[in-house]
Amino acid sequence: MKKELSDFDFSFQPSIDKRQIDELATMRFLENTENVVFLGPPGVGKTHLATALGLAAAEHRFTTYYVNCHALIEQLKKAHYENRLPDKLRMLGRYRLLIIDEIGYLPMDIQGANLFFQLIARRYEKPSTIFTSNKTFSQWNDIFADVTIASAILDRVLHHCNVIHIKGESYRLKERKEYMKQKVQVANTLFDKANP
Ligand SMILES: Nc1ncnc2c1ncn2[C@@H]1O[C@H](COP(=O)(O)OP(=O)(O)OP(=O)(O)O)[C@@H](O)[C@H]1O
Ligand SMILES: [Mg+2]
């Protein structure tokens, strides 16, 4: 299901400065070739906000591509083994907005980290990239299997970057809790009816 910025309930997530998201929605960050990083625990809206900005960018006719980090690494490895890595990197380098979701959810081997670095180096100071991760920047060292590669990646990602730390409760859990509350209410009503 498409999730837009207007579907996001900012009152549920007060750690997010709505003005910062409104500013990103103007697409000036794309004109200024800035990156965006959403950091935070599961269910707090990182993918929602990243993809909503992607939708807005596409509406503004910026070429946009969304990819999950693990799938991206698999694509890069496949391209490498099929001797078409330069073409693949060129193609990924051309999108005005690339969204790389779920950095650090699955471990990355040294080859994956190397390929990821090549992509980041190619896009550095050119078009914008949005990243999401449930790991803090200090934990990024562990994601990329090698400290040198990790710091080279972080250096480039953070050079012109809007970082949004989300520190809240999971919206998925909230929905689950509300669902369970409704179920309990229905059960209580049925019980009361059966036991007048
Ligand atoms: N503040 C919010 N208002 C409305 N819907 C929200 C909000 N936060 C999250 N959601 C919804 O909750 C679900 C989980 O959010 P999302 O997938 O963006 O979380 P995430 O931070 O990417 O989590 P994960 O780290 O597990 O990938 C989605 O359906 C999303 O649309
Ligand atoms: Mg997500």
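A polar contact is a pair of N or O atoms within 3.5 Å. Keep that cut-off in mind, because it tells you how to read the ligand distances below. One more thing before we start: what you're looking at is a predicted model.

**The chain as a whole**

Let's begin with the overall layout. The chain has nine helices and five strands. If you walk along the sequence, they come in the pattern α-α-β-α-β-α-α-β-α-β-α-α-β-α. Put a box around the C-alpha atoms, along the principal axes, and it comes out at roughly 75 × 35 × 30 Å.

**The largest pocket**

Now for the open spaces. The largest pocket holds about 460 Å³ of space. Its lining is made up of 18 residues, and those nearest the centre are Gly-43, Val-44, Gly-45, His-48 and Arg-172. Which elements give two or more residues to this lining? They are α3 (46-59), β3 (97-103) and α9 (171-194). Sorted by class, the pocket lining has eight charged residues, along with five polar and five nonpolar ones.

**Ligand 1 and its neighbours**

So where does ligand 1 sit? You'll find ligand 1 in the largest pocket. There are 16 residues around ligand 1, and the ones that come nearest are Gly-43, Lys-46, Thr-47, His-48 and Tyr-105. Gly-43 and His-48 may ring a bell: they are also among the residues nearest the centre of the pocket.

Three side chains have a polar atom close enough to an oxygen atom of ligand 1 to fall inside that 3.5 Å cut-off. Here they are, each with its distance:

| Side chain | Distance from its polar atom to an oxygen atom of ligand 1 |
|---|---|
| Thr-47 | 2.8 Å |
| Tyr-105 | 2.4 Å |
| Arg-172 | 3.0 Å |

How much of ligand 1 does the protein cover? On its own, ligand 1 has 630 Å² of accessible area, and the protein covers 88% of that.

Two helices, α3 and α9, each supply at least two residues of the shell around ligand 1. Of the elements, α3 gives the most, with three residues. Both helices turned up earlier too, as contributors to the lining of the pocket. As for residue classes, the shell has six nonpolar, six charged and four polar residues.

**The enclosed cavity**

Besides the pocket, there's a closed-off space to look for. How many cavities of 30 Å³ or more does a search of the whole structure find? The search turns up one. The largest cavity has a volume of about 120 Å³, and 13 residues line it. Nearest its centre are Asn-35, Arg-123, Tyr-124, Glu-125 and Arg-156.

The elements that each supply at least two residues of the cavity lining are α6 (110-123), β4 (128-133) and α8 (147-159). The largest share comes from α8, with three residues. By class, the lining of the cavity has five nonpolar, five polar and three charged residues.

Key. Residues are numbered from 1 along each chain as its sequence is written. Chains are lettered from A and ligands numbered from 1 in the order in which they are written. This is a predicted model: local features need pLDDT of at least 70, side-chain atom pairs count only at pLDDT 80 or more; totals for chains, interfaces and linings use all residues. Side-chain values use heavy atoms; hydrogens and water are left out. On a 1 Å grid over the protein atoms alone, a cavity is a set of points where a 1.4 Å probe fits but cannot get out, and a pocket is an open set with protein on both sides within 12 Å along at least five of seven lines; lining residues have an atom within 4 Å of a point. Grid points are joined across faces, edges and corners, and a volume is the space filled by probe spheres set on the points. Helices (H or I, at least four residues) and strands (E, at least two) are DSSP runs, numbered from the N terminus. Ala, Val, Leu, Ile, Met, Phe, Trp, Tyr, Cys and Pro count as nonpolar, Asp, Glu, Lys and Arg as charged, and the others, Gly among them, as polar. A residue is near a molecule or strand if one of its heavy atoms lies within 4 Å of it. A polar contact is a pair of N or O atoms within 3.5 Å; within protein, one must be able to donate a hydrogen and the other to accept it, and residues adjacent in sequence count only if both atoms are side-chain atoms. Accessible areas come from the Shrake-Rupley method with a 1.4 Å probe; for residues, only the protein chains shown count as cover. A molecule sits in a cavity or pocket if more than half of its atoms lie within 2 Å of its grid points.
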